[in-house]
Amino acid sequence: MDSKKKKDSPQSNELTRTSPFPDEALDRVLGLVKSHKDRSSVSLVCKDWYNAERWSRTHVFIGNCYSVSPEIVARRFPNIRSVTLKGKPRFSDFNLVPLNWGADIHHWLVVFASKYPFLEELRLKRMTISDESLEFLATTFTNFKALSLLSCDGFSTDGLAAIATHCKNLTELDIQENGIDDLGGGWLSCFPENFTSLEVLNFANLNSDVSFDALERLVNRCRSLKVLKVNKSITLENLQRLLERGPQLIELCTGSFNQDLTPRQYAELESAFNNCKNLNILAGLWEATSLYLPVLYPACTNLTFLNLSYAALQSGELAKLIAHCSNLRRLWVLDTVEDKGLEAVGSSCPLLEELRVFPAEPFEQDVAPGVTERGFVAVSYGCPRLHYVLYFCRQMTNAAVATIVQNCPDFTHFRLCIMNPGQPDYLTDEPMDEAFGAVVKNCAKLQRLAVSGLLTDLTFEYIGKYAKNLETLSVAFAGSSDLGMQCVLSGCPKLRKLEIRDCPFGNEALLSGLEKYESMRSLWMSACNVTMNACRRLAMQMPRLNVEVMKDEESDDSQADKVYVYRSVAGPRRDAPPFVMTL
């Protein structure tokens, strides 16, 4: 290490040891360490390793944009090329975080412009980014290559036009599930005619028609394109032409899958799919019908991920399609497939590792049952490798969940969402405590858990006692008293995120985590029994935490309607709107 690097290192007792490894060997070893968690651990070994990790790191992940400032990041890591940054709390996905709450990216970009002019990648989730920020990004960072926006807001397709116009070396433009002002599809025509570097293009969730001629020319020019996700304005006839120009695709999101085709057009589309020998991931299929699903069969053999969350398939349609997907590892479906469709999954997909079942009509009460415990149990019998599940249903039993986790004990993510709040075991009318008790007792690798249904404090006693590897817990409409939350905070040593809404937990529960919160990333509590005085006491006793309270209109002045607690080395944020009180 040169003297400059040594001078910039911390002078703590833990880092005074030196490394026996030559610098060249250490640099080579660190080049093989990709996990941000592992690299953070490496930096704690000794002073030399801290410095080596600091100067060699090119990517930084920040799970909360208010946990640190961009200035601190730039001082700590001088050679960053890629940044992943998350903003609003996850419950913003359910409209629980008010509009204009914050998480604006622009100040970060201004700092990066002076400290990281060589920035190549920016991946944002739940951040606010304006068209002006996108233009600043596109015109400031001359070698910028990859932009991913997931669940972001504040921008329009004009910002995308700026990216397409100015980013000459762009390899990735991934726009997914954003609150975007869709002003039209003209942005796609802004890529220069000599532009050829694109590898990932995703505009699946935009609504406007795009110029198909511009898209076709772009796909034809970009021979390294591996991921193409188009919106539902792209017809089957358009899709066939795109596939002919991009047979090298690995991941595809189709457009609308409902169009009158002649026999010749049908045969050409089937042939185009058959020529996509490298296709591993398939999504889209808007308005798909059984008439055209068979054109997919030639491409199904190699599929490892099938996302049908936009396609309201019936059980028979899914069964016929899934029979050709023997190598499938991940499957997302709507509950229109019903239990019979999931039974087909259990019979046809023995290698399945992840299953997500979403509600087709989440806000309708008087609808068909969708999926029940029967379909979930069938999958567990046929898919012993299953370790990730997100399952929306309207009924469940304790016995069914116990059977599921016995069949699949390697769950790391178990998110069961019984859609009727406070729903008991519909056969016994008992609380669902034993269901989640079975989950935490049987699944020692469990990292993420979402609970639902009628739950007493017993569920949380089980979680605190058995869920020793749990990192994220989401709770809604559950619990009996403060004891439930206390059990979780005292019993889960690896807990990093705790999300709670509409629960009876109050001041005593909140304050029981005083020694826990600094080791966590965040705590969210909304519509609970927490008062402003308790929040003030928490802020006073734990000054390194940011304690933010959001007040609802016409609420009691003494109540803390929404509480967001997170650790930060940057202190209270400076951009809090008037409805956010930082204590």
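I'll start with a group of charged residues: Glu216, Arg241, Glu244 and Arg245 are linked in a network of salt bridges. Before going on, note that this is a predicted model. Across the structure, the count of salt bridges comes to 23.

Three individual pairs are worth going through. In the first, aspartate 93 bridges to arginine 126, and their closest N and O atoms are 2.9 Å apart. Where do the two partners sit along the chain? Aspartate 93 is in the loop between β2 (82-86) and α6 (106-115), and arginine 126 is in the loop between β3 (121-125) and α7 (131-140). With these positions 33 residues apart, the pair links distant parts of the chain. As for exposure, aspartate 93 is partly exposed, at 40% relative accessibility, whereas arginine 126 is buried, with a relative accessible area of 8%.

The second pair is glutamate 251 with lysine 229, where the closest N and O atoms are again 2.9 Å apart. Here the partners lie in strands: glutamate 251 in β10 (residues 251-253) and lysine 229 in β9 (residues 227-229). They are 22 residues apart, and this pair too links distant parts of the chain. Is glutamate 251 buried or exposed? Glutamate 251 counts as buried because its relative accessible area is 15%, and the cut-off for buried is under 20%.

The third pair is arginine 501 and aspartate 502, with the closest N and O atoms 2.8 Å apart. Arginine 501 is partly exposed, with a relative accessible area of 22%. Aspartate 502 is partly exposed as well, at 27% relative accessibility.

Now the cysteines. How many disulfides are there? The count comes to zero. Take cysteine 325, which is in no disulfide: the nearest cysteine sulfur belongs to cysteine 300 and is 3.8 Å away. A disulfide would need the two sulfur atoms within 2.5 Å. Cysteine 325 is buried, at 0% relative accessibility. Why is cysteine 383 not bonded to cysteine 349? The sulfur of cysteine 349 is the closest cysteine sulfur to that of cysteine 383, but the distance is 6.2 Å, so it is too far for a bond. Cysteine 383 also counts as buried, with 0% relative accessibility.

Next, the spaces inside. A search of the whole structure finds two cavities of 30 Å³ or more. The largest holds about 50 Å³ of space. Its lining is made up of Leu188, Ser189, Phe191, Glu193, Ala214, Arg217, Leu218 and Arg221. By class, those residues divide into four nonpolar, one polar and three charged.

The second largest cavity has a volume of about 30 Å³. Around it are Leu236, Glu237, Gln240, Leu261, Gln265, Glu268 and Leu269. Which elements give two or more residues to this lining? They are α10 (236-245) and α11 (263-274). The lining has three nonpolar, two polar and two charged residues.

Last, an open site. The second largest pocket has a volume of about 1,100 Å³. It is lined by 29 residues, and the closest to its centre are Ser40, Ser67, Val68, Arg567 and Val569. At least two lining residues come from each of α3 (36-42), α4 (47-56), β1 (59-62) and α5 (70-76). By class, the lining of this pocket has eleven nonpolar, eight polar and ten charged residues.

That is the end of the tour.

Terms used:
Residues numbered from 1 in each chain as written. Predicted model: local features only at pLDDT ≥ 70, side-chain atom pairs only at ≥ 80, totals over all residues. Heavy atoms only, no water. 1 Å grid on protein atoms, 1.4 Å probe; cavity = no way out; pocket = protein on both sides within 12 Å on 5 of 7 lines; lining within 4 Å. Points joined across faces, edges and corners; volume = space filled by probe spheres on them. Nonpolar A, V, L, I, M, F, W, Y, C, P; charged D, E, K, R; others polar. Helix = DSSP H or I, 4+ residues; strand = E, 2+ residues; numbered from the N terminus. Buried < 20%, exposed > 50% of the residue type's maximum accessible area, 1.4 Å probe, protein only. Salt bridge = Lys/Arg side-chain N within 4 Å of Asp/Glu carboxyl O.
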